[in-house]
Amino acid sequence: MLETRKLDKSFGAIHVTRHVSLKLERGERRVILGPNGAGKTTLFNQLVGELAPSSGSIHLAGEDVTTLPVAKRVRRGLSRSYQKNTLFDGLTVGENLGLAAAVHTGHATRLWSDSLSKPEVREIVAEVAEQVMLLPYLDAKVSEISYGVRRQLEVGVALATRPLVLLMDEPTSGVGPEMAKGFHDLLNNLPRDLTMLIIEHDMDLAFDVADTITVLNYGEVVFDGLPEAARGSPMLKEIYLGSWEDA
Ligand SMILES: Nc1ncnc2c1ncn2[C@@H]1O[C@H](COP(=O)(O)OP(=O)(O)OP(=O)(O)O)[C@@H](O)[C@H]1O
């Protein structure tokens, strides 16, 4: 469903992504782990289309999307949720979901209240709000919701485009352990055919959510396999300088 082939990225003399080849099957949930500076965000930015790779290619559902801009990738089914997501603070949770759905379904009009009343848009809002547990907050203004609920809404906005692949960059960063656990449950309850790639620093999320784990170190894939195998790997323990044992 999502594949990278020998992806490389350098910033001048700094080689940040080194021959990264990944292959995610439909419905696979993969977590990309790595210590600070391993190149996780740089890889994420290439996948979403914000950064052009120096060489190599990116494929979505069998098509080469390496040179496609962000919006075109979203239209092809590659959606992302991350802190930089622009939520509209003055609008409600439901309106934010509705606008994302309206743009995706081609119902976006100048008068956005018209767009939101379209049956197809309302249907997506109801479905997504349930998926990301936002039903109690639909009428709340974004400026009034908690940080944790914002993170749920960011995932909801990404899901409102009905993606094939959902990319997330550190979805629980800045969220306390209890809320993070709730967030992991939320991810686990998303439709099984949705392919997910999650960039993460925290190993707890990897073990709670991942079908497969990829570990980057100095821009290179140093592990690619099942969570159980990652847990027992001395090399990975070393990379994480002992923090592995806290997981
Ligand atoms: N635009 C840039 N120009 C130069 N170097 C960069 C640029 N972007 C990233 N780097 C370097 O690439 C390396 C990897 O950075 P990146 O942010 O991708 O790592 P990361 O694994 O996401 O780290 P963290 O967990 O700290 O966010 C770092 O050494 C960083 O300084």
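Biologist: Which residue is the bridge partner of D8 in β4?
Modeller: In this predicted model, D8 has S55 as its bridge partner in β4. That pair belongs to a wider contact, since β1 and strand β4, which covers residues 55-60, run antiparallel and are joined by five bridges.

Biologist: And what else does β4 join up with, going on to β5?
Modeller: Strand β5, made of residues 63-64, runs antiparallel to β4, and two bridges join them. Within this pairing, H59 stands opposite D64 of β5. The two strands form a hairpin with two residues between them, and A61 in the turn has a positive phi of about 45°.

Biologist: Back to β1, then: how many bridges join it to β2?
Modeller: Seven bridges link strand β1, residues 2-11, with strand β2, residues 14-24, and the two run antiparallel. If you look at F11, you will find that its bridge partner in β2 is I14. Here too the strands form a hairpin with two residues between them, and the turn holds G12, whose phi is positive at about 60°.

Biologist: Where does K6 lie, and what is its phi near?
Modeller: K6 lies in strand β1, and its phi is near 45°, which is a positive value in a residue other than glycine.

Biologist: Why does K6 count as partly exposed?
Modeller: K6 counts as partly exposed because it has 13 C-beta neighbours inside 10 Å, while a residue would be exposed with 12 or fewer and buried with 20 or more.

Biologist: What about Y218, where is that found?
Modeller: Y218 is found in the loop that lies between β9, residues 212-217, and β10, residues 220-225. Its phi is near 50°, again a positive value in a residue other than glycine. Y218 is partly exposed, because 14 other C-beta atoms lie within 10 Å.

Biologist: Changing topic, which residues are around the ligand?
Modeller: The residues around the ligand are F11, I14, V16, G34, N36, G37, A38, G39, K40, T41, T42 and H201. Two elements, β2 and α1 (40-48), give two or more residues to this shell.

Biologist: Which of the elements gives the largest share?
Modeller: Helix α1 does, with three residues of the shell around the ligand.

Biologist: And how do the shell residues divide into nonpolar, polar and charged?
Modeller: Seven residues of the shell are polar, four are nonpolar and one is charged.

Biologist: Now the helices: at what angle do α3 and α6 pack?
Modeller: Helix α3, residues 93-105, and helix α6, residues 147-159, pack at an angle of about 25°, and their axes are 8 Å apart. That angle makes α3 roughly parallel to α6, because angles under 35 degrees count as roughly parallel.

Biologist: Is the crossing of α3 and α6 left-handed or right-handed?
Modeller: The crossing in which α3 passes α6 is right-handed.

Biologist: Last one, where does G77 lie?
Modeller: G77 lies in the loop between α2, residues 70-75, and β6, residues 78-81. With 18 other C-beta atoms within 10 Å, G77 is partly exposed.

Biologist: How many residues apart are G77 and G106 in sequence, and how far apart in space?
Modeller: G77 and G106 are 29 residues apart in sequence, and in space they are 15 Å apart, taken from C-alpha to C-alpha.

Notes
Residues are numbered from 1 along each chain as its sequence is written. This is a predicted model: local features need pLDDT of at least 70, side-chain atom pairs count only at pLDDT 80 or more; totals for chains, interfaces and linings use all residues. Two strands pair if DSSP finds at least two bridges between them. Helices (H or I, at least four residues) and strands (E, at least two) are DSSP runs, numbered from the N terminus. A residue is near a molecule or strand if its C-beta atom, placed from the backbone, lies within 6 Å of it. Ala, Val, Leu, Ile, Met, Phe, Trp, Tyr, Cys and Pro count as nonpolar, Asp, Glu, Lys and Arg as charged, and the others, Gly among them, as polar. Axes are lines fitted to C-alpha atoms, for helices over the stretch in contact, and angles run from 0 to 180 degrees between N-to-C directions. Angles under 35 degrees count as roughly parallel, over 145 as roughly antiparallel, 65 to 115 as roughly perpendicular and the rest as oblique. A crossing is left-handed if the near helix is turned anticlockwise from the far one by less than a right angle, and right-handed if clockwise.
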